Amino acid sequence: MDALAVEGVTKRYGAFTAVDDVSFTLGAGKILGFLGPNGAGKTTTVRMILGLVAPTSGRVRVLGEDDPARVRDQIGFLPEERGLYRRMTPVQAIGFLASLKGVAAPEGRRRARELLVANGLGDFADKPIKSLSKGMAQKVQILSTLAHKPELVILDEPFSGLDPANQQALEDLIRSVAAGGATVIFSTHVMQHAERLCDQVLLMARGRKVFDGTVEAAKSSAPRTLLLEGRFDAHALEGLPGVAELTATPGVDGVNLISAALTKGAPAQEALREAFARGLDIRRFELREPQLHDAFLVLTGGGDS
Amino acid sequence: MRRLLRIARREYLAYIRTPGFWLSLLLLPVGLSMIVIAPMAVDHATPIPRIAIVDLTGQHLEGPVAYALAPPGAPPAAIVVPAPGGPFASSAAARAHLEPLLRSAAPENVRLDAAAIIRPQGASVTVDFWTRNVVAGGLEQTVSGAIADAVKNARLKAMGVDPKTLDAMSPTVSLYSPKAAAGKVELKDRLPAVAGLAMGMLLLMVVLTGAGMLLNSVMEEKTSRIIEVLLSSASVPEIMGGKILGVAAVTGTILFFWMSIAGGLVAVRSPQTLADLAGVFLQHGHWAYFILYFTGGYLMFATLYVTVGAFCETSREAQTLLGPMMIVMTVPAMFMIQGASHPDSPLLRTLAWVPLFTPFMMAARAATDPPLWEIAGTAAVMFGVTGLELWLAVPAFKAGALATGRFDVRLFFASLGRRQKG
């Protein structure tokens, strides 16, 4: 069963279309990376999934319900710009937010303590949040989205502000949440997280969906690149078979690095063979498979992520 | 409802854990106690002034003045001492001798603090009152009153009139009213007006205190974006209701504490007054009357403040919006005081139909037991407007909470009542 089904959803604010006819589904227990440049419509889409904003047209089904408000107890949400009640302790804050999701107060506090201990914050469980570091406070807020054991977890930029060790810990946490059966949606600007974690990625640009599928499928939409390094310039590689575009990066002592973007399905061997046949001074070559970042740039038409 | 109560509980606990709450709780009783205790403490610490009476009239006025200044069985207002260097032949001689003594820096228990030189002036007398303390006027008034009475009595006697005859000529006036319980107006008959004014003022205080709390609470959650988490966890009415209830509980706790102290003090000094005051609330369903307007008034203003708070991101924005409301609130404050003495004034009766003023005006008019149709009508208008306000506020609160940036007047008005249609 799909945990989430977004069907032809559009959201307009007056003459401005924030989200334009977006559709996708997400299976239960899957991890979805929500990618797109600033202003792509990610936040508006998330708000529609949460039921905070009603779509102008289209339909959102969350955990089998047309009205997300009916399943709000099964959803955990972490907003992008975040904070917590500064005077509360982590146990109190997590317990309170869990209690809003239907968890009895003592049970909420027990789960809060358990989560804090498991995530290395046991010593800070009863200290005011204002005395915690930014990273610790952020972890507390992430944990507050999980204490009620939600079936759907939506995390908006969960990795921002965390140091590499905590980013790794969060990746592990997301994997364990999904392994426990919950469906996870997270938005990120760091493609490596999406590559490592996601079963499915959804790319948006200017309010429209530009890609929906697996990470591998996304990558395949970007060209493979043949990297050639040597004492020659890009003009020397013009006309190589299967090469769509050449980009030169000047190096030292006249040694340049040329990126030759291959057309889809073009074998790299032919281009490489022809390059050697031209008698070029090739000192190094490498076939680079596309990364999600490349796919992102291709699919969104560039722009900041 | 469960979520509403959770939010209310968090709101309540968040406030009572702050030092500001305990300061609010304790400072008013301490301040009021200081108002009572401070003058007594000053009186106790100030030595009783020493005064000399120089009577140059030959009418033996020293006796009545000394009696007025130190009546038997009461604390003396002054210690009457013989005039140093007296008797004097003239007021000039008395002044020449006593004035330097009033300048001298002698110890407080032996020095002269004041002198009354009483001299004839035609058929009357003149008093030259000399004192070290030019600010306090009580001593001078006691002396002049005593001399006036003594001179008046002496004149009446000279005319063959017994002063008691004159006193007997003053009429005894008794006040009656059909609204008084026993016909004759007593203190307890005036208590409803006092209670009404007090309830109105109390509501004003609760509204003003609650306004700041509600604005700050919503603003804090909006700035930290916790509001988005709350919106994904509870409905807008639950969030607004929880906050309003939580802050009401905070102000209720403070008021209960203050009123308990005040009630305790009244009970110690005058148990009968406390019983009469309790009677005011229990008679004619006044308790329900006050609850009706108190609830309606608080709900009306609290909803407004919570909604406005959702559009503010800084305390400066909140203060800017709060300013005009404070000005509006001064109107009922002014008219309530008038209402205590003229509760049936046509202006007050008209203002009672203006929803923003209704709870205050009707509280102040409680003493006159307004007719049922007025109570029902004004309450219906007040609750109707509050209902409309809530209907408008729910979508506005959500729009404000999800918006970012400075307060946007256009967004505020555009969002009022705009249900989610997309």
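Domain bounds, as used here, come from an automatic or database domain assignment. On that basis, chain A of this predicted model is assigned a domain 1 spanning residues 2-219 and a domain 2 spanning residues 223-289. Taken over C-alpha atoms, the centres of these two domains of chain A are separated by 42 Å. Chain B is likewise divided, with domain 1 covering 48-166 and domain 2 covering 187-415. Here the centres of domain 1 and domain 2 of chain B, again taken over C-alpha atoms, lie 56 Å apart.

The meeting of the two chains is a natural next stop. In total, 23 residues of chain A are in contact with 19 residues of chain B. On the side of chain A that touches chain B, strand β5 (75-78) and helix α2 (90-100) each supply at least two residues. The largest share of that side comes from α2(A), which provides four residues. Sorted by class, the side of chain A that touches chain B holds 13 nonpolar residues, together with six charged and four polar ones.

Within chain A, T10(A) rewards a closer look. This threonine sits in strand β1, which runs over residues 2-13 of chain A. T10(A) has 17 other C-beta atoms within 10 Å, a count between the limits of 12 or fewer for exposed and 20 or more for buried, and T10(A) is therefore classed as partly exposed. Leaving aside residues up to four places away in sequence, T10(A) touches T17(A), V19(A), D20(A) and D21(A), as well as P55(A), T56(A), S57(A) and G58(A). As for D20(A), 10 residues separate it from T10(A) in sequence, while the C-alpha to C-alpha distance in space is 4.6 Å.

Chain B offers a helix pair to examine. Two packed helices are described by the angle between their axes and the distance between the axes. For helix α7 (residues 187-223) and helix α10 (residues 271-282) of chain B, the packing angle is about 60° and the axes are 9 Å apart. Because of that angle, α7(B) is oblique to α10(B). The crossing of α7(B) and α10(B) is right-handed. From α7(B), the contact draws on L187(B), K188(B), L191(B), P192(B) and A195(B), and these are met by D276(B), L277(B), G279(B), V280(B) and F281(B) of α10(B). By class, the contact of α7(B) with α10(B) comprises seven nonpolar residues, two charged residues and one polar residue.

Terms used
Residues are numbered from 1 along each chain as its sequence is written. Chains are lettered from A and ligands numbered from 1 in the order in which they are written. This is a predicted model: local features need pLDDT of at least 70, side-chain atom pairs count only at pLDDT 80 or more; totals for chains, interfaces and linings use all residues. Two residues are in contact if their C-beta atoms, placed from the backbone, lie within 7 Å. Ala, Val, Leu, Ile, Met, Phe, Trp, Tyr, Cys and Pro count as nonpolar, Asp, Glu, Lys and Arg as charged, and the others, Gly among them, as polar. Axes are lines fitted to C-alpha atoms, for helices over the stretch in contact, and angles run from 0 to 180 degrees between N-to-C directions. Angles under 35 degrees count as roughly parallel, over 145 as roughly antiparallel, 65 to 115 as roughly perpendicular and the rest as oblique. A crossing is left-handed if the near helix is turned anticlockwise from the far one by less than a right angle, and right-handed if clockwise.
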